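Please study the sequence and the structure shown below before attempting the exercises. Each exercise gives a task, followed by a solution in steps.

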Amino acid sequence: FSGTVRVRLRCATEGASIAYTTGDGKEARWKLYTAPLELRGSARLRVVACRLGYRDSREAQAGFHLTSE
């Protein structure tokens, strides 16, 4: 499949930042979310929200597997 899916992230806590990765394990490279993500093929998206003075959120995960019909 050569297409993509656009994923938008948001947090209910005003002023919180969102970090995400599609990597696994402790070697995953986390990035600051600033715009919708374009995912291709298969991916596991891991997301955390944080804000100074607050506890970081639990890690949320979603799996994507795009196939042609």
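The exercises below treat the sheet, the salt bridges, one arginine and the cysteines in turn.

The model is predicted: local features need pLDDT of at least 70, side-chain atom pairs count only at pLDDT 80 or more, and totals for chains, interfaces and linings use all residues. Residues are numbered from 1 along each chain as its sequence is written, and side-chain values use heavy atoms, with hydrogens and water left out.

**Exercise 1. The sheet**

Task: Determine the order of the strands in the open sheet, and state which strands form its edges.

Solution.

Step 1. Strands (E, at least two residues) are DSSP runs, numbered from the N terminus. Two strands pair if DSSP finds at least two bridges between them. In general, strands of a sheet pair through backbone hydrogen bonds, either parallel or antiparallel.

Step 2. Consider S2 and S3: two bridges join them in the antiparallel sense. One residue of S2 illustrates the pairing, for Ala19 has Leu32 as its bridge partner in S3.

Step 3. Turn to S2 and S5, which run antiparallel and are joined by five bridges. Here Ala19 stands opposite Val48 in S5.

Step 4. Strand S5 (residues 42–50) is also joined to S6 by six bridges, again with the strands antiparallel. Ser42 has His65 as its bridge partner in S6.

Step 5. The resulting order is S3-S2-S5-S6, an open sheet of four strands with antiparallel pairing. Strand S3 (31–32) and strand S6 (60–65) are the edge strands, since each pairs on one side only.

**Exercise 2. The enclosure of S2**

Task: Explain why S2 is described as largely enclosed by the rest of the structure.

Solution.

Step 1. A residue is buried under 20% relative accessible area, exposed over 50%, and partly exposed in between (1.4 Å probe, protein chains only).

Step 2. In S2, four of the five residues are buried, so the strand is largely enclosed by the rest of the structure.

**Exercise 3. The salt bridges**

Task: State how many salt bridges the structure holds, and locate the partners of Glu38, Arg44 and Arg46.

Solution.

Step 1. A salt bridge is a side-chain nitrogen of Lys or Arg within 4 Å of a carboxyl oxygen of Asp or Glu. The structure holds three of these.

Step 2. Glu38 is joined to Arg6, with 2.7 Å between the closest N and O atoms. Glu38 belongs to strand S4 (residues 37–40) and Arg6 to strand S1 (residues 4–7), so the pair ties together parts that are 32 residues apart in sequence. Glu38 is partly exposed at 39% relative accessibility, while Arg6 is exposed at 52%.

Step 3. Arg44 is joined to Asp24 at 2.4 Å, N to O. Arg44 lies in strand S5 and Asp24 in the loop between strand S2 (17–21) and S3, so this pair ties together parts that are 20 residues apart in sequence. Arg44 is partly exposed at 31%, whereas Asp24 is exposed at 53%.

Step 4. Arg46 is joined to Glu59, the closest N and O atoms being 2.8 Å apart. This pair links distant parts of the chain, 13 residues apart: Arg46 is in strand S5 and Glu59 in the loop between S5 and S6. Glu59 is partly exposed at 35% relative accessibility.

**Exercise 4. The surroundings of Arg46**

Task: Decide whether Arg46 is buried or exposed, and describe what its side chain reaches.

Solution.

Step 1. Arg46 has a relative accessible area of 9% and therefore counts as buried.

Step 2. A polar contact is a pair of N or O atoms within 3.5 Å; within protein, one must be able to donate a hydrogen and the other to accept it, and residues adjacent in sequence count only if both atoms are side-chain atoms. The side chain of Arg46 reaches the backbone oxygen of Gly23 at 2.9 Å. A polar contact of 2.8 Å also joins the side chains of Arg46 and Glu59.

Step 3. Contact means heavy atoms within 4.5 Å. Leaving aside neighbours within four places in sequence, Arg46 is in contact with residues including Ala19, Tyr20, Asp24, Trp30 and Gln61.

**Exercise 5. The cysteines**

Task: Establish how many disulfides the structure contains, and explain why Cys11 forms no bond with Cys50.

Solution.

Step 1. A disulfide is a covalent bond between the sulfur atoms of two cysteines. The cut-off used here is a pair of cysteine sulfur atoms within 2.5 Å.

Step 2. By this rule the count is zero. The cysteine sulfur closest to that of Cys11 belongs to Cys50 and is 9.0 Å away, which is too far for a bond.

Step 3. Cys11 is partly exposed at 32% relative accessibility, and Cys50 is partly exposed at 29%.
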